[in-house]
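Consider how two domains pack against each other, and what lines a ligand site. The report below takes the domain interface, then the ligand shell.

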Amino acid sequence: MTNLLQRILPTVQKPARYTGGEWGEIKKNLEDVRVRVAFCFPDTYEIGMSNLGMRILYGVMNEMDGVWCERVFAPWGDMEDAMREHNLPLWALESQNAVKDFDMIAFTIGYEMAYSNILNMLNLAGVPLHAKDRQGLKNMVFAGGVCAFNPEPLAEFIDFFSLGEGEEITVEIVALYDKAKAEEWSKERFLREVAKIPGVYVPSLYRHEYNADGTLSAIVPLEGAPETVTKRIVEDLDNAYWPTKMIVPSTEIVHDRANLEVFRGCIRGCRFCQAGFSCRPVRKKSPEVLYKQAMETMEYSGHNEITLSSLSTSDYRGLKELTDELIPYCAENRINLSVPSLRADNFSRELMEKLQTVRKSGLTFAPEAGTQRLRDVINKNLTEDEILNTCANAFSGGWNNVKLYFMLGLPTETDEDVLGIAELVYKVIKTWQANAVNKKRGLRVHVATAYFVPKPHTPFQWEKQITPEEYLRRCRLLKSHFYSKSITYDYHGPDLSRLEAVFARGDRRLGPVIEEAVKNGAKLDGWDEYFNYSKWFDALNECGIDADFYTTRGYGEDEVLPWDTIDVGVKKKFLLKERHRAYEATVTPDCRHGCAGCGANCLLKEVECDA
Amino acid sequence: MPRLLFEKKGNAVWISHLDLMRLFQRAFKRAGLPLTHTQGFNPRPSVSIALPLSVGVESGCELLDFDLDGVIIPCKDIMERLNCALTDGVRVLDVYENGAKIKHLSYLDCCLTLEYDRGVAAGTVENMKALFCRDEVIVEKKGKNGIVEQNIIPMIRNLTVEQAGEKEVKIHARVCCQNPSLNPMQLSAAIDKYLPEVKPDFVRCCRVEVYDEQENVFR
Ligand code: SF4
C-alpha cells in the first residue's frame with residue numbers, strides 16, 4: 001500500500017519540494033546518532049534552500065559526530081490543508097520522520113514577517129507553542145538569524161536564541177545538549193548552562209518591566225544571567241568551515257546557483273540598513289581560498305552559475321584578483337559568473353563589460369533617495385553623476401533596461417525629495433536618448449519604492465515611521481510626476497511594511513498578537529497569495545495593542561529599548577551620534593577612508609577590522 | 001546522437017520534466033562530461049528526453065538524447081560516471097552510440113496498480129475487462145485548446161486485468177504513445193467515469209517498455 005504522504009503528493013503543487021533526496025543531502029545511520037536536530041526555515045523550500053546561512057549551519061551540524069541535522073520547510077497552503085485533513089504531522093526531509101520526535105528544533109529567521117510561519121510550523125508539527133509548555137529536553141526550540149537581534153516578540157515561544165554567526169556557537173550549543181541528554185539534565189538546568197555560552201540569549205532569564213505610558217522601564221536579568229549578550233562572529237574566515245559540498249535541489253529554487261561569500265561586514269554605513277551595522281566588523285576572505293572553494297563548489301554541484309555574494313561585493317578588496325582568475329575558468333566551463341551589487345565606479349564598469357561576455361543582465365541601482373541632500377542624510381554614498389555615468393556607459397554598450405530602487409518615508413523627507421526621484425528618472429531617460437546605440441528596442445526603466453521601516457541597531461532605530469496614509473500620498477505624488485511610457489512604477493501597499501515595523505522594534509507584548517493572528521490563519525505573510533492584513537489587524541485589536549506605539553510614535557533617546565540586552569558590537573553611542581549627523585545631513589565617509597569608531601572592532605581578538 | 005536509457009523511481013517520480021532536464025545537465029557536469037550547447041542568445045546544454053513523463057509516474061524505460069562536446073568516451077564509462085553523479089531514484093541503465101529516430105517510437109507498455117484499502121470488491125476485475133472490450137470509451141483529455149473528449153479504445157493495443165492480492169488490481173496495457181498518444185492515467189480515468197462503484201483509493205502508474213511501429217523494443 002502506498003503511504004499517506006505519497007498519496008497526498010500527486011494532489012499538491014511542486015511535490016518534489018517535500019520529498020528530499022537531492023544531490024548532496026546528508027543521511028545518517030540512526031544507530032550512530034545521539035542528537036537529532038530539525039533545522040526549520042520559516043518559509044517555503046524555494047526560499048529556504050536559497051539561504052546561505054542555513055546551508056552553512058546544515059553542514060556545520062552534520063560535521064559533528066553523533067549529530068544529524070535535517071531540513072524542514074513551511075508547506076505551501078495546499079499541502080498544509082492536506083496535512084491537516086489527514087492528520088499528517090510536519091516532517092523533516094532527510095528521514096521523513098516527524099519533527100516532534102526530534103531533540104532540538106532550530107529556526108533561522110531573517111524576516112519579521114516569517115513569525116507567523118514559525119508558530120504555524122510548530123503547530124503543524126504538533127509541538128507546544130509556548131516554551132513553558134515544553135517540558136524536559138525534548139523539542140528544545142532555538143533560533144538565530146538577523147531577527148534574533150530583537151527577539152522579544154518571540155520570547156515566549158523560543159527557548160533560547162543564538163546571536164550572530166553560527167559556525168562556532170552552534171557546535172557549542174549542540175555539544176552541550178548532547179552532554180545534557182546523556183546526563184539527563186532538567187530543562188531548567190540546561191537553559192542556565194546554555195546561557196553561559198557567549199552569544200546565547202535565554203529570554204526566560206530576563207524580566208521586562210513597563211512604565212504607565214507603555215514604554216519599558218527596566219530589563220532585569222534573573223538567576224545571574226548577563227546584563228547584555230554579545231553576538232558571536234568568526235574572526236578568521238579563511239579557516240572557517242565552508243560547505244563546498246552543498247545540496248543541489250532537484251526542483252527549481254529562487255537562487256538556483258552556487259553561492260560564494262567573499263567577505264563579511266560592510267564598510268558603508270547606510271543609516272537605515274540593519275545588516276550593514278549588525279554584521280560588522282569587516283572580515284575578508286583571501287582570493288586564493290575563494291578561488292579554491294569556487295572550483296570545489298562548481299565541481300561538486302554541477303551548477304552553471306556562481307554568484308559572489310556579500311553585502312556589497314564591489315567593496316571586496318580582492319575582487320579584481322578573484323575575478324581575473326575566475327572569468328577564464330568560468331568561460332571554459334560554460335559557467336555564468338554573477339557579481340551582484342556592483343557599484344558605479346570605474347573598476348565595476350570594466351568588470352561589467354567583462355562579465356557581459358558571459359551573460360548580459362539588467363542594470364540595477366538603489367539610490368534609495370531622490371535628492372543628494374536626503375542621500376546624505378541616510379549616508380547613501382551614491383551620486384547622481386555616478387548613476388548617470390554608469391548608465392551612459394551601459395546604454396552605449398547595448399543595455400536598455402534599468403531598475404531603480406527607492407524608499408519613501410525616510411527621516412527628514414519632504415515632497416521635494418519625493419519629486420527628486422522623478423527628476424532623477426528623467427535624467428536617466430535623457431542619458432539613454434543621448435547614448436543608446438540601439439534605440440529600436442526602447443528603454444525600460446523600472447522604478448520601485450518601499451515604505452521605510454526603522455530597524456533596531458541602526459542610527460534610525462529611534463525614528464518614527466510615517467503613517468500609511470502619508471506613505472500612499474507620497475506614492476501618488478510621485479506617480480503623478482511620471483509621464484514617460486518607458487517608466488513602470490511599482491509600489492506595495494503599506495500594510496506589510498507597517499507590520500514589519502511593529503515587529504522589528506516590538507517587545508514581549510506582541511507574542512500574543514502573533515499567536516492570535518496564526519490562530520486566525522495568518523501564514524506565508526511574505527507571499528501576496530496569502531498575506532491578509534485583516535488577520536493581523538484583528539489580532540492587534542483582540543490583544544489591545546496599538547500599532548502606532550511601535551511605528552509612528554518613535555522611540556525616545558533615553559527610553560529603554562526592547563533590544564538593549566543584545567549587543568551586536570556597534571555601540572549605541574555611535575548610533576546616536578550617527579542619528580544626529582543625519583539630521584545635519586553630514587556624511588560619514590566609509591570605513592576605508594578611516595575608522596568611524598563604530599565599536600564593532602571590539603569583537604575582534606586576533607585580527608584588526610579589515611575595512 | 002547518443003542516447004541513454006534510464007529509470008525514474010522512488011521519490012524521483014516527483015521531479016517534473018523540466019527539472020529533470022536540469023538535473024541531467026548538472027549530472028553531466030558533475031561527471032565531467034561536457035555537453036554541446038544550443039546556439040542563440042541563451043545557450044543551453046543539449047539534452048532532450050523522448051516522451052515527457054507525468055509527475056508521479058514511475059518508469060523503467062526513459063530515453064534521453066545528449067551530445068558530448070568534442071571528447072569521445074566509451075558508452076560504458078559514460079554510464080558509470082553518470083550513475084555516480086545522479087540522485088537517488090534516477091539511474092542510467094544503458095548508453096547507445098546512436099538512437100533510432102524518435103518518429104518511429106509508437107507504443108508503450110504500462111502497468112497501473114489500483115489500490116483498494118477495504119479490499120477488492122467481487123466482480124471488479126470482470127467489470128473492468130468488460131469495460132475495455134467496448135468499442136467506445138470516451139474520456140476527457142486536457143489539450144492545448146482546452147478539454148477534448150476522445151475515444152481511448154482504438155489507442156489500446158492490448159490490455160489485461162488481474163487481481164494481485166486482496167487489496168490490489170493490476171492493469172497491464174500496451175498503448176499508443178505518439179500520434180495519437182494515450183496517457184496511461186486515462187485508463188484509470190475511464191474506470192472512475194464508467195465504473196464509479198469500483199473507483200480505487202489510489203492508483204500507481206508505471207511505464208515499463210517502449211516499442212516501434214513493428215512492436216520491437218525501441219532504443
Ligand atoms: S570598527 Fe571602524 S572600520 Fe571597522 S566597521 Fe566599525 S567603523 Fe568601520
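Glu152(A) forms a salt bridge with Arg508(A), the closest N and O atoms being 2.6 Å apart. A salt bridge here is a side-chain nitrogen of Lys or Arg within 4 Å of a carboxyl oxygen of Asp or Glu. The rule finds five salt bridges across the interface of domain 1 and domain 2 of chain A.

This is a predicted model: local features need pLDDT of at least 70, side-chain atom pairs count only at pLDDT 80 or more, and totals for chains, interfaces and linings use all residues. Side-chain values use heavy atoms, without hydrogens and water.

Domain bounds come from an automatic or database assignment. The C-alpha centres of the two domains of chain A lie 31 Å apart. Contact means heavy atoms within 4.5 Å.

| Domain of chain A | Bounds | Residues in the contact |
|---|---|---|
| domain 1 | 3-225 | 39 residues |
| domain 2 | 237-509 + 574-593 | 34 residues |

About 3300 Å² is buried between domain 1 and domain 2 of chain A, and carbon and sulfur atoms give 60% of that area. Buried area is the accessible area (1.4 Å probe) that two parts lose on being put together, summed over both. Trp23(A), Leu52(A) and Glu112(A) supply 18% of what domain 1 of chain A buries against domain 2 of chain A, more than any other three residues.

Now the ligand. Its surroundings include Arg280(A), Cys591(A), Cys595(A), Cys598(A) and Cys609(A), with a residue counted as near if one of its heavy atoms lies within 4 Å. The shell divides into six nonpolar, two polar and one charged.

How values were computed: Residues numbered from 1 in each chain as written. Chains lettered and ligands numbered in written order. Nonpolar A, V, L, I, M, F, W, Y, C, P; charged D, E, K, R; others polar.
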